[in-house]
Amino acid sequence: MHAALSDLLAEADARGGAVGAFTSYNFETAVGILRAAERRGRGAILLVSQQSLSAPGGDLLLRALVAAADAAPVAACVEVDHVADPVLIERAFALGAGAVLADGSRLPLDENIRFVQAAAARGQVEAELGGIEGDEDVAAAVAAGALTEPAQAARFVEETGAACLAVSIGNVHGRYRSPPSLDWPRLEAIANISAIPLSLHGASGLPDADIRRAISLGVRKVNVNTELREEYLAATEKRIGALRAGARVLELNQAQSAAVAAAAERKLDVFG
């Protein structure tokens, strides 16, 4: 069933946990995620990347995932992730997305605030303050001064109208090149002054203990991408040889969804 991002965050907060947000590149991935959520009795967020929405067939993918979320037996929301283009934000909402991450993190503070304000006038948005690097060493984010500044967070949250704040505390997208070291005092300081739930990206490479600690400090949404992709591709490699002879695509798709479901269930157990 369709659920608002704010409702999923509120439910997670009430139980002292976090809602899982899982990137969905196709329908098989989404089926696995929703199956895992149903088994664990939890709501879930289906994430669609900006690149997926912009790719050929992106509109159809988003509409399909919205239909899947509407028909799911658990609360589900479709969110378009890391959108820096106002036109694409408008398009995402028009296609039925329940939320958008309006990503103005590379803009100066005042411009980021105005960017998020404009997006929030169209629907529920997640915002990002500080830059979360992609497939890079944590040191790159630190050196660039891209971590979220607690002193800016209170004003940013108050003025933007965002439903959720993605924080940069030493986390990165993708796998970590060296053991991650999250800035726990920074996270605690942000949580103490933020009037809205916090979101942690880059959870695929983080130890479970770190994720649980982040949740204990106020994170209420955790994004997962890389681990699902790895399980999806591993299942494809394992099964495709035996299934190719009969062109048994349905069995391949079922194996892919099952692999994604197992990975998502493991994460949901951590997000408890």
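Eight strands close up into a barrel here, in the order E1-E2-E3-E4-E5-E6-E7-E8, and the pairing is parallel. From one strand to the next, the twist averages 30°. Keep in mind that this is a predicted model. Below is a quick walk through two stretches of the barrel, followed by a look at some of the charged pairs, of which the structure holds 16 that count as salt bridges.

**Strands E2 and E3, with helix H4**

- Strand E2 covers residues 44-49 and strand E3 covers residues 76-83; the two run parallel and are paired over six bridges.
- If you want a spot to look at, find Leu-46, which sits opposite Val-78 of E3.
- Helix H4, made of residues 58-71, packs on the sheet and touches both E2 and E3. The direction of H4 makes about 150° with that of E3.

**Strand E5 and its neighbours**

- Strand E5 takes in residues 125-129 and is mostly covered, with five of its five residues buried.
- Val-125, Ala-127 and Leu-129 point one way from E5, while Glu-126 and Glu-128 point the other way. Both sets are buried, the two glutamates included.
- On one pairing, E5 runs parallel to strand E4 (residues 99-102), and three bridges join them. Leu-101 is the residue that stands opposite Glu-126 of E5.
- To get from E4 to E5, the chain passes through helix H6 (residues 109-120), and this β-α-β crossover is right-handed.
- E5 also pairs with strand E6 (residues 164-167), again in parallel, through four bridges. Here Leu-129 has Val-167 in E6 as its bridge partner.

**A salt bridge between Glu-11 and Arg-15**

- The side chains of Glu-11 and Arg-15 form a salt bridge, with 2.9 Å from N to O.
- How open are these two? Glu-11 has a relative accessible area of 34%, so it is partly exposed. Arg-15 is partly exposed as well, at 24% relative accessibility.

**Salt bridges that reach across the chain**

- Glu-265 and Arg-40 make a salt bridge in which the closest N and O atoms are 2.9 Å apart. This pair ties together distant parts of the chain: Glu-265 belongs to helix H12 (residues 249-271) and Arg-40 to helix H2 (residues 27-40), with their positions 225 residues apart.
- Is Glu-265 buried or exposed? Glu-265 has 11% relative accessibility, so it counts as buried. Arg-40, on the other hand, comes out at 35% and is therefore partly exposed.
- Helix H12 also supplies Arg-266, whose side chain meets that of Glu-231 in a salt bridge at 3.9 Å, N to O. Glu-231 lies in helix H11 (residues 226-244), 35 residues away from Arg-266, so to speak of distant parts of the chain fits this pair too.
- Arg-266 is partly exposed, with a relative accessible area of 45%. Glu-231 lands in the partly exposed class as well, at 32% relative accessibility.

**A linked charge network**

- Which residues are linked in a network of salt bridges? Arg-39, Arg-40, Glu-265 and Asp-269 are.
- As a general point, side chains of opposite charge can pair when their charged atoms come close.

Terms used
Residues are numbered from 1 along each chain as its sequence is written. This is a predicted model: local features need pLDDT of at least 70, side-chain atom pairs count only at pLDDT 80 or more; totals for chains, interfaces and linings use all residues. Side-chain values use heavy atoms; hydrogens and water are left out. Two strands pair if DSSP finds at least two bridges between them. Axes are lines fitted to C-alpha atoms, for helices over the stretch in contact, and angles run from 0 to 180 degrees between N-to-C directions. Contact means heavy atoms within 4.5 Å. Buried means under 20% relative accessible area, exposed over 50%, partly exposed in between (1.4 Å probe, protein chains only). A crossover is right-handed if, with the strands pointing away from the viewer, the path from the first strand over the helix to the second runs clockwise. A salt bridge is a side-chain nitrogen of Lys or Arg within 4 Å of a carboxyl oxygen of Asp or Glu.
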